[in-house]
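Thanks for asking me to look at this one with you. Have the sequence and the model open side by side, and let us walk through a few points together.

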Amino acid sequence: MRDTGSHAEVARTITAVMPEKSNSVRDSFAAEQRLRHLTERTKGKVLTETLSGRHIEIAWPDLGITVTAELDGRNPELADALWESLPYRSLQGHALVAGEHLYHAAPIPSLLHLPASTRIPDRREAPNGTVFCSALQHLGIKYGTLTEPMPASPVGQIRQEDIPGLLEAGQAVWDSVYSTKKPILAEVRKAGEEGGHRIPHLTAANPDAKRLIHDVYTATERAWLTAPPELADLHEGLIPSGAGSFETVLPTLLFVNGETRPLGYATYGGLVRAAVQGMPMDSLRHMARLLVGIPAEFLGYCGLEQLWSFTQRFLDCLDQIDRDDFLSVVGQLALYINCLGGWNLHLYPWETGDHLRRLRPDATVRPS
């Protein structure tokens, strides 16, 4: 992973932390700890001075829409991580319970743990066009009314003249996720520069962990922009294990979605944060064994056999890896599982419940 800072002092700090490596999640974790102290010591002045005026473009080539956002100095560590990850592409998703909000999985392992210095207590009150980075490894954009009152970490703002295009993109993505199922890809790049794409490949010293990381990276790269075959088959009703009572498919799809999302968001994201925050290794190993095996085995039964295989390999080498390798393995697995979660949300047949609509508080329920 590259340095998260964008100026000389931060670069020197990171180099001092771990000069011999540059592409390992463990290096960035160590550097970011130092960077955090540096930011606190200088009251954020060093980083924020370099952020104002940095612009990113978020494009949806299939829609012919591009919007520009300024990284405006809020949450400089998150903004730096985003800036240094560019360019990338991702499957564009849409909020399904929160309202008019776009989000996609960002290939940025450090989003799982980087602190937010500026928090909006209730994102419903944020201006339309606010760009957020999330510990769920998401880049999000509010484009209209939200209903979920949750805190959020802003990093920038879409320029006002691009809001109509953002609204158009929001409606098109909703149609894609809810009904048409035609994937829409987002491309995020530095303004005025070429697009592109890459998935971070983390490193480990332990040979088994190193091989596992490489295989997870390869699987993630293959699935990032194209629906994974095992999920595509599952949503077509091809379930070799026979999962689904009385040959039903929808309950299996529901359970797979319900297990995959928390496995990535809460379990692996939580393990990353616990490791960065100093949880003892014995406790980390114990928590990993308690949390990852049962859901992964169930998902393997439902058709995600590769995920279950990766999980078994992780558990098999758990006693032989140190904190650095642990961070690399769980960081790479988190990205892979969050990728699967994004495709689950896109492929799920949400229109199945189109006849069900929320009742307003003053509505009366008619007897059937």
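1. Let us begin with strand 6 (residues 130–134), which runs antiparallel to strand 8 and is paired with it over 3 bridges. To find this pairing on screen, look for F132, whose bridge partner in strand 8 is P154. Please keep in mind that this is a predicted model.

2. Strand 8 has another partner, strand 2 (residues 65–71), again in the antiparallel sense and over 3 bridges. Here a handy landmark is E70, which has Q157 of strand 8 as its bridge partner.

3. Is strand 8 enclosed or open to its surroundings? Of its 5 residues (154–158), 4 are buried, so the strand is largely enclosed by the rest of the structure. Buried here stands for under 20% relative accessible area.

4. Now step back to the whole sheet. It is an open one, built from 9 strands in the order 3-9-1-2-8-6-7-5-4, with antiparallel pairing. Strand 3 (88–91) and strand 4 (93–94) are found at the edges; each has a single partner strand, so one side of each lacks a neighbour in the sheet.

5. Elsewhere in the sheet, strand 1 (residues 54–60) and strand 9 (residues 185–190) are joined by 4 bridges in the antiparallel sense. One pair to look for is A59 with its bridge partner E187 in strand 9. Helix 4 (residues 76–85) packs on the sheet, and the strands it touches include strand 1, strand 2, strand 8 and strand 9. The direction of helix 4 makes about 60° with that of strand 1.

6. Next, a pair of helices. Helix 10 (residues 305–317) and helix 11 (residues 323–347) have axes that come within 12 Å and cross at roughly 170°. Helix 10 is therefore roughly antiparallel to helix 11, angles over 145 degrees being counted that way. Helix 10 contributes Q306, L307, F310 and F314 to the contact, while helix 11 brings F326, V329, V330, L333, Y336, I337 and L340. By type, the residues of this contact are 10 nonpolar and 1 polar, with no charged ones.

7. Finally, some overall figures. The protein has 11 helices and 9 strands, and 52% of its 368 residues are buried. Of the contacts between residues at least 6 apart in sequence, 76% join residues at least 24 apart. About 16900 Å² of the protein is exposed, with 53% of that supplied by carbon and sulfur atoms.

Terms used
Residues are numbered from 1 along each chain as its sequence is written. This is a predicted model: local features need pLDDT of at least 70, side-chain atom pairs count only at pLDDT 80 or more; totals for chains, interfaces and linings use all residues. Side-chain values use heavy atoms; hydrogens and water are left out. Buried means under 20% relative accessible area, exposed over 50%, partly exposed in between (1.4 Å probe, protein chains only). Helices (H or I, at least four residues) and strands (E, at least two) are DSSP runs, numbered from the N terminus. Two strands pair if DSSP finds at least two bridges between them. Contact means heavy atoms within 4.5 Å. Accessible areas come from the Shrake-Rupley method with a 1.4 Å probe; for residues, only the protein chains shown count as cover. Axes are lines fitted to C-alpha atoms, for helices over the stretch in contact, and angles run from 0 to 180 degrees between N-to-C directions. Angles under 35 degrees count as roughly parallel, over 145 as roughly antiparallel, 65 to 115 as roughly perpendicular and the rest as oblique. Ala, Val, Leu, Ile, Met, Phe, Trp, Tyr, Cys and Pro count as nonpolar, Asp, Glu, Lys and Arg as charged, and the others, Gly among them, as polar.
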